[in-house]
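Please look through the model below with attention to its ion pairs, its sheet and the accessibility of individual residues. The report that follows takes these topics in turn.

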Amino acid sequence: MSHATHHREPHDHPHDAAAFVGAVACACEERGLRLTPLRLRVLELIAAEAKPVKAYDLLDRLKDEHSGAAPPTIYRALDFLLENRFIHKLESINAFVGCHHPSEAHQVPFLICDVCSSATELCDERVSKLLNEQARERGFGPRAQTLEVHGVCAQCRAAAKPD
C-alpha cells in the first residue's frame with residue numbers, strides 16, 4: 001500500500017528492541033539488503049536505547065567490543081540505516097532513534113522533551129499530508145520533511161508539579 005493512500009490512525013508504540021531489530025532484519029531480507037554484523041550491532045545499540053542516541057555515544061559503546069571502531073565506521077552504518085528508513089535522525093539534537101515502521105516509507109514528526117530527552121514518533125500521517133499540500137499549493141515540490149517539536153513531556157511536567 002502506498003504512503004499517499006494509506007491512512008493510519010494516530011497511535012503510540014511501546015519500546016520493544018527485539019521486535020524492532022527483527023522487523024528490520026525481515027525488511028532487509030525482503031528488499032535484498034545486506035545487514036552486515038556491524039550494521040546490525042549499530043541497529044541493536046540504537047534499539048536498546050529508550051531515548052535518542054548520538055553517533056559518538058554509539059562509537060564509545062562499539063569501541064568496547066571492536067577496538068578498531070572509528071567515526072567513519074559508525075557513520076557508514078548510520079547512513080545505511082537512514083537511507084533504508086530503519087532509523088530517524090533528529091536533526092535538532094543530532095541523535096538517532098529507531099523507526100517504528102521500518103518496512104514502509106513515511107515521514108513523521110517527533111515530540112522531543114527538553115528535560116529528559118525522550119523522543120516520541122507521532123504516527124499520524126495527517127501532519128505530513130498537510131505540510132505537503134501546503135507546499136504544493138505554493139508551487140513548492142517537497143522532497144523530505146523534518147518536523148521536531150520541542151517541549152516538556154507529560155512525565156516531566158507531572159514530576160515538576162509541586163504536591
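Which residues are linked in a network of salt bridges? The network consists of Arg41, Glu44 and Glu65, where a salt bridge is a side-chain nitrogen of Lys or Arg within 4 Å of a carboxyl oxygen of Asp or Glu.

Before the details, some conventions apply: this is a predicted model, in which local features need pLDDT of at least 70 and side-chain atom pairs count only at pLDDT 80 or more, whereas totals for chains, interfaces and linings use all residues. Residues are numbered from 1 along each chain as its sequence is written, and side-chain values use heavy atoms, with hydrogens and water left out.

**Overall architecture**

The protein has six helices and five strands, these elements being DSSP runs numbered from the N terminus (helices are H or I with at least four residues, strands are E with at least two). Along the sequence they follow the pattern α-α-α-α-β-β-β-β-α-β-α. Of the 163 residues in the protein, 33% are buried, where buried means under 20% relative accessible area, exposed means over 50%, and partly exposed lies in between (1.4 Å probe, protein chains only). The accessible surface comes to about 10,000 Å², and carbon and sulfur atoms hold 53% of that surface; such areas come from the Shrake-Rupley method with a 1.4 Å probe, and for residues only the protein chains shown count as cover. Among contacts with a separation of 6 or more, 55% are between residues 24 or more positions apart, a contact being heavy atoms within 4.5 Å.

**Salt bridges**

By the rule given above, the count comes to five salt bridges, three of which are listed here.

| Pair | Closest N to O distance |
|---|---|
| Glutamate 44 and arginine 41 | 3.1 Å |
| Arginine 41 and glutamate 65 | 2.7 Å |
| Arginine 126 and aspartate 124 | 2.4 Å |

Glutamate 44 and arginine 41 both belong to helix α2 (residues 37-48), where they are three residues apart, about one turn of the helix. Arginine 41 also forms a salt bridge with glutamate 65; because arginine 41 lies in helix α2 and glutamate 65 in helix α3 (residues 55-65), this pair ties together parts that are 24 residues apart in sequence. The members of the network are described by their relative accessible areas as follows: arginine 41 is partly exposed at 24%, glutamate 44 is partly exposed at 29%, and glutamate 65 is partly exposed at 39%. Aspartate 124, which pairs with arginine 126, is buried, with a relative accessible area of 11%.

**The sheet**

Three strands form an open sheet in the order β4-β3-β5, and the pairing is mixed; two strands count as paired if DSSP finds at least two bridges between them. Strands β4 (119-121) and β5 (148-151) stand at the edges with a single partner strand each, so one side of each is left without a neighbour in the sheet. Neighbouring strands of this sheet are turned by 20° against each other on average, direction ignored, the axes being lines fitted to C-alpha atoms (for helices over the stretch in contact) and angles running from 0 to 180 degrees between N-to-C directions.

Strand β3 (residues 110-113) pairs with β5 in the parallel sense over four bridges, whereas β3 and β4 run antiparallel and are joined by three bridges. Phenylalanine 110 stands opposite glutamate 148 in β5. Leucine 111 has threonine 120 opposite it in β4, and in β5 the bridge partner of leucine 111 is valine 149. In the hairpin of β3 and β4, with five residues between the strands, serine 117 takes a positive phi near 70°.

**Helix α5 and the nonpolar patch**

Valine 127 lies in helix α5 (residues 125-137) and is partly exposed, with a relative accessible area of 29%. Neighbours within four places in sequence left aside, valine 127 is in contact with Pro109 and Leu147. The C-alpha atoms of valine 127 and valine 108, 19 residues apart along the chain, are separated by 7.6 Å.

Leucine 147 is found in the loop between α5 and β5 and counts as partly exposed at 32% relative accessibility. Together with Leu111, Leu131 and Val149, Leu147 forms a nonpolar patch on the surface, with about 280 Å² of accessible area together. Patches are made of residues with over 30% relative accessible area and no salt bridge, like charges being joined within 9 Å and nonpolar side chains (Val, Leu, Ile, Met, Phe, Trp, Tyr) within 5 Å.
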